[in-house]
Amino acid sequence: QCAERADCCRQSRRGWFHDLDPHAGQPANVQIPKVNGKTVPRTIPVHKTFADLLHQWLSGNPLKGPMSQWPWEGQDTQASTAMLFPGRARGGVDNRHWGVSVSRRSYLLKVTAAAEDILAERAEHRMSGKPHPFDECDLTRLGTHSFKKTGVTLLRDVCRSIAVVSAISGTTGYTLSKVYDVPTVKRQRKALRDAFGCV
C-alpha cells in the first residue's frame with residue numbers, strides 16, 4: 001500500500017494510521033515518520049477497502065490462520081505507540097515483546113515461508129491446468145525488499161506520473177526509474193499484447 005521498505009514497515013505503529021474507522025468522516029491516511037536514514041516522512045492516502053479491512057482486524061476481529069492470528073491475542077491495537085508487528089520475547093514459544101518490532105531476520109523468515117507455500121500451491125495449479133496469480137513470478141528471489149519493488153512496479157503500471165509514484169513511495173523519480181521500476185515478464189507480455197495485438 002505504501003511502496004515502503006521492509007525496515008520501515010516492520011516498525012509500523014498504530015499511531016501512524018488515521019481515520020481508519022469508516023464512520024470517521026475523513027479519508028484514511030498513514031503518516032510515516034523518519035524511522036531510518038532512507039525513509040522520507042510523508043502522509044499517504046490509504047485505499048478505503050484496505051482501511052476498512054485494517055480497521056476490522058485492529059478492532060477485535062483479527063486475521064486468523066490455522067495456528068495463529070494477527071493482531072496477536074493480548075496485543076494492544078489502540079494505543080498510538082503500539083507496535084503493529086511486535087517481536088518475540090526471549091524464552092518461550094510465541095511470547096511477544098509488545099514494545100519491540102519484529103526483527104529483520106524474522107521478517108525474512110516469514111517471507112521465505114510464504115514463498116514456499118505459494119510455490120507448492122502454484123505447482124498444484126499447474127498439475128490441474130489452472131492459472132495461478134504468481135505464474136510469472138520468480139519466487140526464489142523473493143526477499144524483504146521485494147515489496148517495495150513490487151509496489152512501485154504496480155503503481156507504475158497504472159500511473160503515468162512519476163511524481164505521484166514518488167510522493168507515495170518516498171523515493172526520487174530518478175531512483176524509481178533506475179532501480180525500482182522493474183520490466184517484469186508479465187509487463188513485457190502486456191506491452192507487446194497492447195501494442196501489437198491488433199496487427
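**A3 and its surroundings**

Reader: At 7% relative accessibility, does A3 count as buried or exposed?
Author: Buried means under 20% relative accessible area, exposed over 50%, and partly exposed in between (1.4 Å probe, protein chains only). A3 comes in at 7%, so the call is buried.

Reader: What kind of model are we looking at?
Author: Residues are numbered from 1 along each chain as its sequence is written, and side-chain values use heavy atoms, leaving out hydrogens and water. Local features need pLDDT of at least 70, side-chain atom pairs count only at pLDDT 80 or more, and totals for chains, interfaces and linings use all residues, the model being predicted.

Reader: Where along the chain does A3 lie, and what is its phi?
Author: A3 belongs to the segment before α1 (6–9); helices (H or I, at least four residues) and strands (E, at least two) are DSSP runs numbered from the N terminus. A3 isn't a glycine, yet its phi is positive, near 50°.

Reader: How does D19 count at 32% relative accessibility?
Author: D19 sits in the loop between β1 (17–18) and β2 (29–32). Its phi is about 60°, again positive without being a glycine. With 32% relative accessibility, D19 counts as partly exposed.

Reader: And how does D117 count?
Author: D117 is part of helix α3, which covers residues 104–127. At 55% relative accessibility, D117 is exposed.

Reader: Which strands stand at the edges of the three-stranded sheet?
Author: This open sheet has the order β1-β2-β3 and antiparallel pairing. Two edge strands have a single partner each, so one side of each has no neighbour in the sheet: they are β1 and β3 (42–45).

Reader: Which residue in β3 stands opposite V30?
Author: Two strands pair if DSSP finds at least two bridges between them, and β2 and β3, running antiparallel, have four. Across from V30, in β3, is I44.

Reader: What is the omega of the peptide bond from W70 to P71?
Author: P71 is in the loop between β5 (69–70) and β6 (86–88). The bond leading into P71 from W70 is cis, its omega near -5°.

Reader: In what order do the elements run?
Author: There are seven helices and seven strands in the chain. Reading from the N terminus, the order is α-β-β-β-α-β-β-β-β-α-α-α-α-α.

Reader: What share of the chain's residues is buried?
Author: The C-alpha trace spans about 60 × 40 × 35 Å along its principal axes. Of the 199 residues in the chain, the buried ones make up 32%.
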